[in-house]
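Please open the model in your viewer and keep the selection panel at hand, as this tour moves from one selection to the next.

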Amino acid sequence: MNHLYYPGCSLKSTGRAYEESLLAVCATLGVGLTELQDWNCCGATSYMAIDEVKAFALAARNLALAEEQGKVGPGTPTVDLVAPCAACYLVLAKAQHCLEENKEVGGKITAALAAAQLQYTGRVVMRHPLDLFTNALGLDAIKAQVTKPLTGLKVACYYGCQIVRPYATFDDQYHPMTMDHLVTALGGTPVDWPLKTRCCGGSLTGTVQEVGLRMSYHLLKEARKRGADVLLTACPLCQFNLECYQDPMKALFPDHEPLPVLYFTQLMGLALGLERARLGLQRLFVPFRQPVGV
Amino acid sequence: MSDTPAFEPRIVAFFCNWCTYTAADLAGTARLTYAPNVRVVRIMCSGRLDPQFVVTALRQGADGVLIGGCHPGDCHYQEGNYKMLRRFHLLKRMLKQFGIDDQRVRLEWISASEGDKVQRVINEMVAQVRDLGPLALVGKPTPHPDASEKHAAA
Amino acid sequence: MDEITRTVKYEADTDPHFAEEIAGIARGETLRACIQCGNCSGACPVSPYMDYTPRRIIAMTRAGFKREALSSTTIWLCASCYNCTVECPKQIRITDVMYALKQKAIKERLYPKRFPVAVLAREFSAAVRQFGRNSELWLIIYLYLKTNPFAMLKQSILGLRLFLQGRMGLKRERIPMGTGKKGDLQTIWNALDRADR
Amino acid sequence: MTKPKVGFYWCASCGGCEEAVVDLHEAILDVVAAVDIVFWPCAMDFKRTDVEAMADGELAVCFINGAVRTSEQFEMVELLRRKAGVVIAFGACAQSGGIPGLANFTSKAAILANVYEDTRTTVNPHKTYPQATVQVPEGTLTLPVLDETVRALGQAIPVDYYLPGCPPPAKLIADAVGAILAGTLPAPGSVLAPNVGVCHECTRKETKPEKMLVTQFKRPHQVLIDPAQCLLAQGLVCLGPDTRSGCGAACPAGNMPCTGCLGALDQVRDFGAKALSGLASVLDAGEDAAIDAGLAGVPDPAGTFYRYSLPASELFAKLPE
Amino acid sequence: MSETMQSAEPRVGVYVCHCGINIAAKVDIAAVVEFAKTLPYVIVVRDYKFMCSDPGQELLQQDIKELGLNRIVVASCSPLMHEATFRHATEAAGLNQFYFQMANIREHVSWVTADKALATRKSQALVSAAVRRVVLNEPLEHQKVPVKPNVLVVGGGIAGIHAALTLANAGKQVTLVEREPTIGGHMAKFDKTFPTLDCAACILTPKMSMVRSHPNITMLTYAEVVGVEGYVGNFTVKVKKKARYVHEELCVGCNECVEACVYKEGRFTDTFNEGLSKRKPVYMPFPQATPSVVLIDPESCIELKTGKCKKQCATACTRNAIDFTMTDEIVALEVGAIIIATGFQTFDATRIPQYGYGKFPNVYTSLEVERLVNASGPTGGEVQLRDGSTPKRVGIIHCVGSRDEKTNRHCSRVCCMYSLKLAHLIHERTDAEVYNLYIDMRTPGKGYEEFYDKLLKEGVNFIRGRAAEVTDWTVTPEEEGKLVIRAEDTLIGVVRRIPVDMVVLSVGLEAHADADEVRRLFNISCSKEGWFLERHPKLAPVSTFTDGIFIAGACQGPKDIPDTVAQAGAAVAEALALVDRGFVELEPNTAFITKELCSGCHTCIAMCPFSAIRYNKEAGVAEINPALCKGCGTCVAACPSGAAQQHLFTDEQIFQEIEGVLNYV
């Protein structure tokens, strides 16, 4: 299985461990990821606030590059583009919708791409790694490779907003379960909790910190309350907000107790028996010390 | 803008009395404005649609023909719409042989409650046929008057 | 009460085209269908911090209260979680309306000055425009310089830790710009700019 | 008493209609005895000048077969129209365009290109095409010019009667001649054949099932045809129900489906569209895919339904590319 | 009417209606009049404010008499609106009514066209078509067919009950068919009715017993209509009576069998109690069930599933009413009219997952709470939580599955009022703090606003805002262990979190899931949402597009009990008008075959779904029985030789109409 891979800016810095663990896990599972060459920023939510057409043009350039590098044509009618960052995933998907539905915006963007000898013909399939693992690869294939099952580990699966909203493409909008099923396949125990898709604060944690902190604090508190040993995320910004800000969180909410926050790929890697360093676990602010596979 | 008036297509519609004609009435009652290019001929059932009506309309100057009937299974006469569907399939294939674009002859199932669909379908079809331009059928020689008329004139 | 303010709104002070304009930017949104049920506000995780709830922003936009809507903190506090959009019983894409209001606010220079979210958006887009990619460290530095330089000191510990853990580098992420070759992002920018003019 | 003068002429046709006259067998002797054939280029040596020499209306009846495609044909039929009291469009080509009329599915340019350039056996490096006029030392030579489209006779000149068929059945010819001699011709404009479908005189009529429904249309070469049962009921594309009778259902009697040569009934405006309607209506299929599969036995609907009547049809010709 | 006048050359009169300003504002009437004057055979053209008014009709009648007109064209509204009016006017002036033709320049032109010039041009084209067509119109007569006197009522809720009783009281023989084992419908489940708070059972059960005992009513419960054939006045209906495994005529409803069942306790979901209690395989749906007859559920009965039961029930029955060999049976009915009163279903609350129905045990639907507050319900009228405790705080969420593009767009019309009723009953019985979360409070009805006023004064809390979610995520100590409703209090403009013990979801009313099949069965139409479509929303609210079939109650759209009963009465009036007249006039637009032209090809015979065409072997041609022909014209289109034609829709008439509509500049 070969897929094009769109890391996005965060996976090259704050979300480095996400990339490290994803690539390590994919290598172990035999899932080929080829990084899209010359990719640019997806546009993210911030660009959308400035100029929508340009934001979608940014996304469209990546989609066009994917078609070109994915050699879309007869025999290869579509190409999968894997975007691990929830924001990138949504922005790229949203751009696809816009290009399809809106002739006016689509026309402008097509013309601009043409100036750079690029074109996008609607043949890229956006995939989040959760989708890739559960639907393309299949949980059975993963289960078969688990060497250190997460027996006894209680996991709060946190999906965040943008992989289920506004488009519910591969999971339920209200009660997403792909990550829970994945954790079960890895031998762990997902906890049922009500805040799976509640916002972590997004970029507010960096801008209007007290607002963002409270939102993250409540998520962690509820996860703990439901007995979770660890919280899993599927987005670099969620992980950053929930993990790196636990010190200021403690300062603001004295009853806060630290909770390790991992990328789901990191936990997958542990269950597959990969070394901690390959999974970027040393980069955590709140260390995850719980032994697995015992 | 050029001085010559833009092409406005003429479309003849055959609507069944029970579903689509009623839906068109409903579109009226609901004041749903749509393109004025369509002229509706009422038939009791889309099953009454004789392909002769379609070719006649095209010959007489229609740039498109719209056929509206009840949804499959909803025919007031049980299955007149299905009977027509069979003719429609063969007719479409034949019209293609005459070089007549697929979009010019259209079949839509529109129920009595779908006034909005009447509006949408008509607007859509008028736009499509407008893009296609006039249906330039090869001029058919007018049949000469019967000898009887000739003699009468003489 | 410190001060008594008079809050009548004259029709002359409203912008009758505002709703259509915003609906246009948000691509065909049917603001007029809003029944003011408040589901958006109820579903919004940030609404307790907003000066107007999302529902009121929709009402104000619809009524042409342009200045109030554009200078609200609400639009900048929207975290783009799309909960309102998914929940709206009238299927109004409220998140997109918020984006439209943000775009309009920046264009009209009506956003709250030094309000970090608006500044972030501008700095972010400037960086992406120049380099094609975003470098989080540099973005944060610019953000604090523009909003609250003193707060940067408070954040420096976090920054240092990130740096030490290898989660933030000094390197600027960038792609080649202005090569004029196939796929050049600069060529795309230029084409879009020309189209804008 | 002078015998009435009669003429025969052919335009775009195969010659079968001329054969049909001879098919009267010994009855033709009665015809010859009763009339004076003054013009019949196919059978006897007459010249155009002979016709031109006649007084207007001198010919009592002129039988013209074939469609009109060339300038010469048009000149001749106009001339004959002037000279003849009664013009009878003789055969399917004259009546409604016939087989030559199928040329309206293609253009004049394409036909010429095909004949003078494209066929494999043609060597024409200089792209030499026939010219309407050419100068030779002896003077100017002329050739007839091909019209853009094929016309039925009635679309070229006023026609008094139509004698349909490809070729017209002997009985209809005999009846027509008898009516002419007896002065019992019907109202001008009439078709000289019964106004009822072929099934009416088909020996297979009684084998029709009460409900005529077919799930799959088939072509004659695909099935072993039951020699007694209704052909349509067997799924064969038989146009008997659509077509005027008078032929004694000759094709079904020969175990082949009717192809519609006697043309439309009086009350039908467009033979092909009506025939299409009748045929598709008996298909017993509901869903789109089943309909298409059932109709696969009609690979060329336009050719099937307008085999003899394209110029007389509402659509007349294919749209130019 | 003189023969000579009608056979003479056509003399057409054209009348263009202004319809007040409905047409005149969008169509240049004068231009249409001038255009019509240029059309062949047109003798006179007039315009008038309201052609359908008496003076309007007199206008054309006078012209028929004075100008010798023999063809009439009125350009006005849809023929479905006023064709009958003008036909009668034509007939009254001595001209056969089918010498009349209508051009629809209101619904199809003035109401749907933006540009006046284009609307005028379109009107001209339609007038041209009508004129060309009317010239070919022929005189026709309506055919009279007798009407069968009996009436079928489908659905045994309050609408069906009221309709059946009223018809029976008028002396008609009525068959009432109900799908459930008992009549009573939703109303039988309610405790009180708004706004009077009178007991539902007290007003319903007497009517139910009257149905049972009325000599003119045949009640078929646990039965479904499976086939409808025929036409107005002459329907043949097939009803499937499902096997109860209990002989109705023998059972006296003593419940001895239920007592004797091998199951000592109820084990199976009691649907009448909305699943809040359990029943045995043999059961009485509820104490006042009508007929008062038990039935055996084949899905749970051991004998019926395995044949290995002690059959204590059968032994206990002294009247030998239990019969395990019983099978479904088909009953055929001959009726003249049918009233459909099949009611509604409530919205499935699991479709809105954020309200937690099915996930949190103490989230209830309003119908469940109806059973909870009902004295004969599973808790004997006690409002209890699942653990048996009494709620102290209750939230009632309005508009669940209503006014929502993702579920149902419509307002269900009764939820505000029943929510107020439930708020009152819960408050009254438990003294709980009750919160109503509503979008808009809709109380238009006699005594309704007064009821709202009463509730306000009772101290029930009202929060204007659509609840965003019900969650067990708690933030403050007071929320611990409770369900929290999050919503914006839109009148204050802040988001509130309301901790409650019980959530009541005021579910909306929907068309039955199988409404589509039912309407196909009866050959009527329904709206996109599945509500049966009335012939005209204002002027024919209980008629359908199929003559002889009427609709009543919530199957037509959400409505409360008073409106339902009123509509049932209206449907009865329509049915009586039909049945008592004794005959119907059929449209003469039947198909016919000219036998000289028919070759006997058989194509038409299979086209007819009504078996109106048969082959006459002696003559060798097909023949159409006009009494069976319903005038679809499918055979006409199919007829390969043009021998089949349709009155009012001959090929030539339609060709003329086609040429007419294309005749404009």
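At what angle do helix H2 of chain B and helix H10 of chain D pack? This is a predicted model, in which local features need pLDDT of at least 70 and side-chain atom pairs count only at pLDDT 80 or more, while totals for chains, interfaces and linings use all residues. Residues are numbered from 1 along each chain as its sequence is written, and chains are lettered from A and ligands numbered from 1 in the order in which they are written.

Select residues 51–59 of chain B together with residues 271–281 of chain D: the two helices (DSSP runs of H or I, at least four residues, numbered from the N terminus) pack at about 150 degrees with their axes 8 Å apart, the axes being lines fitted to C-alpha atoms over the stretch in contact and the angles running from 0 to 180 degrees between N-to-C directions. H2(B) is therefore roughly antiparallel to H10(D), a term for angles over 145 degrees. From H2(B), B:Pro51, B:Gln52 and B:Val55 make the contact, and from H10(D), D:Ala273, D:Lys274, D:Leu276 and D:Ser277; two residues are in contact if their C-beta atoms, placed from the backbone, lie within 7 Å.

Next, select chains E and B, where 43 residues of chain E are in contact with 41 residues of chain B. On the chain E side, H5 (106–110), H6 (116–134), H17 (634–638) and H18 (651–661) each supply at least two residues, and the largest share, 7 residues, comes from H18(E).

Finally, colour chain E by pLDDT (the predictor's confidence in each residue, from 0 to 100): its mean is 95, and 99% of its residues reach 70 or more, but over residues 1–6 the pLDDT is below 50.

Note on methods: Parallel < 35°, antiparallel > 145°, perpendicular 65-115°, else oblique.
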